[in-house]
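User: I should like to understand how the terms used for a protein model are justified. Please take me through them one at a time.

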Amino acid sequence: MQLASRCLGELAFPEVSRRLKETSILCLPLGAIEQHGPHLPLNTDIAIAEGLCQRIVARWGDEFDLWLLPTISLGMSREHDWAPGTLSLSIDAFVKLLKEIARELVRALPARNLLIMNGHGGNRGALENLLHELQSEFALNCCAVHPFDLACRELNLPAGDVHAGLAETSVMLVLAPHLVRQERLESAVQLPDQTATLIFDRAVSFPWRSNDPRLARSGVIGDACPASVQLGQAIIDEVVRHVEPVLLRILQNQKTIRGSQTSV
């Protein structure tokens with residue numbers, strides 16, 4: 001017997017109010033269309049965000065009442081707009097898009113919990129501020145998950161592995177191996193490494209670009225050559241495992257918000 005779907009788009013409208021509740025958790029894949037070196041496709045961040053959300057819903061869906069939303073496929077990718085094919089929203093358009101989606105979620109669904117699976121690091125800065133507004137303006141109890149940082153807790157991935165390198169290539173070898181141009185891996189190696197000062201300096205923020213010769217070669221910041229299916233599966237497994245306490249915290253936060261509203 002086929003299991004009941006946990007993909008929102010596969011429901012018929014009378015099923016929505018029967019199957020979703022206020023405590024249901026909506027899972028939103030958020031990606032980007034941008035260059036990922038000579039060996040990975042433009043839709044790498046989409047494939048990763050979607051693939052991880054699908055696995056999280058498959059593993060934890062019944063326990064936490066998770067629901068998979070349609071993917072947002074464009075993000076903020078100005079650091080890659082030197083490369084043909086990269087599509088980028090402005091900050092203003094990105095914020096307006098997510099707010100419109102939040103408004104529609106609240107209007108159309110009973111669920112008030114939202115987990116955003118962020119497949120593109122360039123979305124992070126805006127997301128961290130936007131979460132406050134989604135909560136205050138739409139009463140959405142939400143969080144953003146940055147999957148490679150989640151996996152790093154156990155796997156000790158290289159600090160300079162920023163874009164289209166070891167981690168992303170390994171995960172793509174699991175999720176979409178037919179899209180990895182393995183014959184081009186030799187050209188997907190970072191030569192210089194100034195990521196600590198140009199990207200990760202906590203004291204000073206600079207705009208950086210993935211065609212900066214101090215950071216990258218062929219748009220890659222990292223070394224994709226050692227990528228493997230084994231590492232990719234390990235990263236995926238760690239994300240799925242470590243998301244459990246995140247889901248618990250979402251529900252705890254919702255109870256706290258409810259309690260504070262009741263006491264006012």
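**Cores and sheet of a predicted model**

Analyst: Certainly. The model is predicted. A suitable starting point is Ile235, which touches Phe148, Ala151, Leu155, Leu157, Ala167 and Val171, leaving aside residues up to four places away in sequence.

User: What makes these contacts?

Analyst: A contact requires heavy atoms within 4.5 Å. Ile235 meets this criterion with Phe148 and Val171, among others.

User: Which residues have the most contacts inside the largest nonpolar core?

Analyst: They are Leu66, Leu115, Met117, Ile235 and Leu247, in a core of 42 residues. At least two residues of this core come from each of several elements, including strand S3 (113-118), helix H5 (147-155) and helix H8 (229-263). Another core, of 29 residues, lies apart from it; Val16, Leu28, Ile116 and Leu140 are among its members.

User: How do you know that S1 and S3 pair?

Analyst: Pairing requires at least two bridges between two strands. S1 and S3 are joined by six bridges, so they qualify as a pair. The two strands run parallel, and Ile25 stands opposite Asn113 in S3.

User: Why are S2 and S4 called edge strands?

Analyst: The open sheet has four strands in the order S2-S1-S3-S4, with parallel pairing. S2 and S4 each pair on one side only, and are therefore the edge strands. From one strand to the next, the twist averages 25°.

User: What packs on the sheet?

Analyst: Helix H4 (residues 124-138) does, touching S1, S3 and S4. The direction of helix H4 makes about 170° with that of S4.

Terms used:
Residues are numbered from 1 along each chain as its sequence is written. This is a predicted model: local features need pLDDT of at least 70, side-chain atom pairs count only at pLDDT 80 or more; totals for chains, interfaces and linings use all residues. Side-chain values use heavy atoms; hydrogens and water are left out. A nonpolar core is a set of buried Ala, Val, Leu, Ile, Met, Phe, Trp, Tyr and Cys residues joined through side-chain atoms within 4.5 Å. Buried means under 20% relative accessible area, exposed over 50%, partly exposed in between (1.4 Å probe, protein chains only). Axes are lines fitted to C-alpha atoms, for helices over the stretch in contact, and angles run from 0 to 180 degrees between N-to-C directions.
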